[in-house]
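Me: I'm new to this structure and would like a close look at one part of it. Could you walk me through a single spot and what surrounds it?

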Amino acid sequence: MSKTELARKLAEMTRSMEKARAARNAKAKKIYHQTSPASWEALKKVLNYVEPSLEEKGR
């Protein structure tokens, strides 16, 4: 395989990975926005999820 063919293959793989990532991100945002705030809070409570404070985020 020549360097040109290898570069084309790598570029093609990169594009397909970027498309897949964009599709996953779009689905995640869609699901999050469809969830009611009360249900979201209930889910966080069940999972014992606590959002980090601003000081922790800044570290």
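Reply: Let's begin with a word we'll need: a residue counts as buried when its relative accessible area is under 20%, as exposed when that value is over 50%, and as partly exposed in between. Keep in mind that this is a predicted model.

Now for the spot itself, which is Lys44, a residue of helix H2. Is Lys44 buried or exposed? Its relative accessibility is 12%, and because the limit for buried is under 20%, Lys44 counts as buried. To put that in context, just 2% of the 59 residues of the protein count as buried.

So what does the side chain of Lys44 pair with? It meets the side chain of Glu41 in a salt bridge, with 3.2 Å from N to O. The structure holds 1 salt bridge, and you're looking at it here, between Glu41 and Lys44. As a general point, side chains of opposite charge can pair when their charged atoms come close. Both partners sit in helix H2, which covers residues 37–46. Glu41 and Lys44 are 3 residues apart, or about one turn of the helix. Glu41 has a relative accessible area of 46%, so it is partly exposed, whereas Lys44 is buried.

Which residues does Lys44 touch once you leave out those up to four places away in sequence? They are Tyr49 and Glu51.

Tyr49 is worth a stop of its own. You'll find it in the loop between H2 and helix H3, the latter being residues 54–58. With a relative accessibility of 46%, Tyr49 counts as partly exposed. Tyr49 also helps make a nonpolar surface patch of about 430 Å², together with Leu43, Val46 and Leu47. That gives Tyr49 two roles in this picture: it is touched by Lys44, and it belongs to the patch.

Finally, let's step back to the whole protein. It has 3 helices and 0 strands, and reading along the sequence gives the pattern α-α-α. The accessible surface comes to about 5900 Å², and carbon and sulfur atoms account for 60% of that.

To pull the close-up together: Lys44 lies in helix H2, shares a salt bridge with Glu41, and touches Tyr49 and Glu51.

Terms used
Residues are numbered from 1 along each chain as its sequence is written. This is a predicted model: local features need pLDDT of at least 70, side-chain atom pairs count only at pLDDT 80 or more; totals for chains, interfaces and linings use all residues. Side-chain values use heavy atoms; hydrogens and water are left out. A salt bridge is a side-chain nitrogen of Lys or Arg within 4 Å of a carboxyl oxygen of Asp or Glu. Helices (H or I, at least four residues) and strands (E, at least two) are DSSP runs, numbered from the N terminus. Buried means under 20% relative accessible area, exposed over 50%, partly exposed in between (1.4 Å probe, protein chains only). Patches are made of residues with over 30% relative accessible area and no salt bridge: like charges are joined within 9 Å, nonpolar side chains (Val, Leu, Ile, Met, Phe, Trp, Tyr) within 5 Å. Accessible areas come from the Shrake-Rupley method with a 1.4 Å probe; for residues, only the protein chains shown count as cover. Contact means heavy atoms within 4.5 Å.
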